[in-house]
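Good morning, colleagues. Please take a moment with the sequence and the structure before I turn to individual residues and then to the ligand.

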Amino acid sequence: MYPTQQARYTFAMLNALQEIEKSGLAELAATEDADALEQWRIAYLGTKGKLKTIMPMMKDVAKEDKPAVGQRLNEVKKTLEAAFADKQGTIGTAKATGPMLDVTEPGLPMGQGRRHVLSRTVDEITEVFARMGFSVADGPEVEDEWHNFNALNIPEDHPARDPIDNFYLQQGNDTGPLRLLRTQTSTVQIRTMEKTQPPLKVIAIGRVYRPDTHDATHYSMFHQVEGLYVDRHVTMVDLKTSLFQFARAYFGPEAEVRMRPSFFPFTEPSAEVDMKMKIKGEYQWVELGGCGMVDPNVFEAVGYDPEQWSGFAFGLGIERIAMRKYGISDIRWLYENDGRFLRQF
Ligand code: FA5
């Protein structure tokens, strides 16, 4: 029996589909870039592509074969579409890939981060004092008048409270206690003594704020290291010995310490502290802060008996220490975040 004409059409259509599937998959496998992939899509799945062009042959297929041939047509279409999507996933579209990636090109160097010179100074100072038996205490940067002034023996009418020398904070209402940004880490002396019984030996390092005009040695926000030692029979000799030990450990074996008489409301007697250190090959005196014996009024404010306890305290400017140690001649560079400056340390 000879096949009918319609059976021949069915056969031809199935053959054509078989051929499209085979060549489509083979050509797709050979595509290597997004352009070739797009050409393939147009050739096989496009509106004038091979699958669309054989559609009209359907009308000549025998009626009873139409469902089976239609199913096969769908199958081939799905196979080609799925293979196309797969390939697209591996080589991407022309827009997404852009220029080819050349893995042999040297990459952009990644800048390596480092600790800020001030953070390093803080760590170094903490370590030296820790070796000398000082533990670390802490306190808030937003303070009340009691901790920043009253308890430190600074009376109501003292010029240190002048609004021109302090950052007072605006009150939400007029009833709450007056608050300000602390002007010195001496506030932490009070906070520590309020919650600890003597003897004690602590340092406190942190930011302090003063509305000073910015110049090479002054900034409106800077850091201080505070030291406080309270025990029985503490003397100025203990104070000078501790500062001397610090200077030798931090600035080198030939560093020296000098104390010049001065005045602070919370110490009596009081002194300015200078340290002699090597700057550009030569030893020089540098003023770093203040110190003294804790005033009996301060002990009374925190509930310590001044007849039983004595103590020393000191407060040094961290920026001044870092500037001297690392040869930085302008404090403002520490806060400008210029990578060219910071990378030197
Ligand atoms: C005080 O702040 C005292 N609380 C120090 C003290 C503590 C005395 C304990 C006695 C007992 P003075 O205001 O001098 O003291 O500041 C201490 C140091 O902070 C200065 O010597 C300086 O190194 C640093 N300093 C002061 N003002 C600035 C500023 N505007 N910018 C950078 N550093 C500053």
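Lys 325 belongs to helix α11, which spans residues 318–326. Please bear in mind that this is a predicted model. Is Lys 325 buried, partly exposed or exposed? Its relative accessibility is 33%, and because buried means under 20% and exposed means over 50%, Lys 325 counts as partly exposed. As for its position relative to Thr 196, the two residues are 129 residues apart along the chain, and 34 Å separates their C-alpha atoms.

I now move to the ligand. The ligand occupies the largest pocket. Around the ligand there are 24 residues, of which Gln 184, Ser 186, Arg 210, Asp 212 and Tyr 219 come nearest. Sorted by class, this shell comprises nine nonpolar, 11 polar and four charged residues.

Which elements each supply at least two residues of the shell? They are helix α8 (186–195) and the strands β5 (221–231), β8 (282–294) and β9 (310–317).

Let me take the polar contacts in turn. In the side chain of Arg 210, an N or O atom is 2.9 Å from an oxygen atom of the ligand. With Tyr 219, a polar backbone atom lies 2.9 Å from a nitrogen atom of the ligand. With Leu 288, a polar backbone atom is 3.0 Å from an oxygen atom of the ligand. How much of the ligand's accessible area does the protein cover? On its own the ligand has 690 Å² of accessible area, and the protein covers 92% of it.

Note on methods. Residues numbered from 1 in each chain as written. Predicted model: local features only at pLDDT ≥ 70, side-chain atom pairs only at ≥ 80, totals over all residues. Heavy atoms only, no water. Near = heavy atom within 4 Å. Polar contact = N/O pair within 3.5 Å; in protein donor to acceptor, adjacent residues only side chain to side chain. Areas by Shrake-Rupley, 256 points an atom, 1.4 Å probe, with all protein chains shown as cover. 1 Å grid on protein atoms, 1.4 Å probe; cavity = no way out; pocket = protein on both sides within 12 Å on 5 of 7 lines; lining within 4 Å. Sits in = over half its atoms within 2 Å of the grid points. Helix = DSSP H or I, 4+ residues; strand = E, 2+ residues; numbered from the N terminus. Nonpolar A, V, L, I, M, F, W, Y, C, P; charged D, E, K, R; others polar. Buried < 20%, exposed > 50% of the residue type's maximum accessible area, 1.4 Å probe, protein only.
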